[in-house]
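Dear colleague,

Please find the structure below, handed over for your study. The notes that follow it set out what was found, one part at a time.

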Amino acid sequence: MRYRVDKSDRSVDNPTTLLGGTRVRDKTLDGQSQFGLCCLLLAALCGCAQDDGPARAENEVLKKQVAKQESLLSSLQDGNRVMQQQIDLLNQELRDARKLTEDLDQQLTEAKQMIGTQVAQSLKVEDKGAQSDTLPRPLEIVAKVVEEALSRNGYRLKVSVKTDHRAVYVTERKISNPVTLEVTGSRNQYLVSLEALPDSQTKLAVKAEFERVAQGGRVLSVSAEETVEIEQRLIRELSKALATPAKT
């Protein structure tokens, strides 16, 4: 007798099942398929790791740049502080120098005033007997004309003192040539005194130490009139020079 065994709708021997009226075969992953799937997963993971690498490197570069800029900024700030300290020091030195200059100027002004007073006192004695005149020009212009006239006539200055209100010139003694103020064979020395007056005028005083020299160097006496004439010659020359438009 043969028995009939009904197999279940789904068994090992019956790998299909009815799904919505359609038989579907179960599919299982063999070894090759499993290896392929693992490779795909590994590749995906590696791709993520590779994608993260450039971002990390760029981040490191940015960090280094920021650190470098912060260091540079700190150096600039330190440099600015040092520069400001130097500027403050220079300003202080400048203030000290300016104060010293002002003190020296004050001392110089006082010294000039003292010298001027001493010169004025001495001239009250020295210019006695000198020929004088009042010139309608400021002291500064007259002093310049005096210096030019003395130099033009061969007189070298032995003493020259000028203040705001007085001026004194003492020449060296010299033998006169024909082109000078004196006659040939004479020897002379000038004392010229100037004093500023109101209304831009100047008092001029000229005193001469005039001598005549004979052959062999013998000094001859001269009259007072001859000395006065020598003094008047210089005064006339100065007046003539001041009368030119260039001297006004």
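**The five-stranded sheet**

A hairpin connects strand 4 to strand 5 by way of three residues. Please bear in mind throughout that this is a predicted model. The two strands of this hairpin pair in the antiparallel sense, with five bridges between strand 4 and strand 5. Within that pairing, Lys-162 stands opposite Ala-167 in strand 5.

Strand 5 (residues 166–171) also pairs with strand 8 (residues 190–197); these two run antiparallel and are joined by five bridges. Here Val-168 stands opposite Ser-193 in strand 8.

Strand 8 in turn pairs with strand 9 (residues 201–208), again in the antiparallel sense, over eight bridges. Two of the facing positions may help you to find your way: Leu-191 stands opposite Lys-207 in strand 9, and Val-192 stands opposite Val-206 in strand 9. Strand 8 and strand 9 also form a hairpin, with three residues between them. In the turn of that hairpin, Asp-199 has a positive phi of about 60°.

Taken together, these strands belong to an open sheet of five strands, in the order 3-9-8-5-4, with antiparallel pairing. Its edge strands are strand 3 (131–135) and strand 4 (157–162), each of which pairs on one side only. From one strand to the next, the twist averages 10°. As general background, strands of a sheet pair through backbone hydrogen bonds, either parallel or antiparallel.

**Helix 2 and its two partners**

What does helix 2 touch when it packs on the sheet? Helix 2 is in contact with strand 3, strand 4, strand 5, strand 8 and strand 9, and its direction makes about 165° with that of strand 8.

Helix 2 (residues 139–152) also meets helix 3 (residues 224–242): their axes come within 10 Å and cross at roughly 120°. That angle makes helix 2 oblique to helix 3. The crossing in which helix 2 passes helix 3 is right-handed. On the side of helix 2, the contact is made by Ile-141, Val-142, Val-145, Val-146, Ala-149, Leu-150 and Arg-152. Helix 3 contributes Leu-234, Glu-237, Leu-238, Ala-241 and Leu-242. Sorted by class, this contact of helix 2 with helix 3 has 10 nonpolar, no polar and two charged residues.

**The four-stranded sheet**

Another open sheet has four strands in the order 6-7-10-11, and its pairing is antiparallel. The edge strands of this sheet are strand 6 (174–175) and strand 11 (219–220), each pairing on one side only. Strand 7 (residues 186–188) and strand 10 (residues 211–213) run antiparallel and are joined by two bridges. In this pair, Ser-186 stands opposite Arg-212 in strand 10.

**Confidence in the model**

The mean pLDDT of the protein chain is 77, and 68% of its residues reach 70 or more. Over residues 1–29, by contrast, the pLDDT is below 50. Beyond near neighbours in sequence, this stretch has 19 contacts in the model.

When you open the structure, you may wish to begin with the hairpin of strand 4 and strand 5, and then follow the order 3-9-8-5-4 across the sheet. The contact of helix 2 with helix 3 may be taken up after that.

With kind regards

Definitions and conventions:
Residues numbered from 1 in each chain as written. Predicted model: local features only at pLDDT ≥ 70, side-chain atom pairs only at ≥ 80, totals over all residues. Heavy atoms only, no water. Axes fitted to C-alpha atoms, helices over the stretch in contact; angles between N-to-C directions. Parallel < 35°, antiparallel > 145°, perpendicular 65-115°, else oblique. Left-handed = near helix turned anticlockwise from the far one by under 90°. Contact = heavy atoms within 4.5 Å. Nonpolar A, V, L, I, M, F, W, Y, C, P; charged D, E, K, R; others polar. Pairing = 2+ DSSP bridges. pLDDT = per-residue confidence, 0-100.
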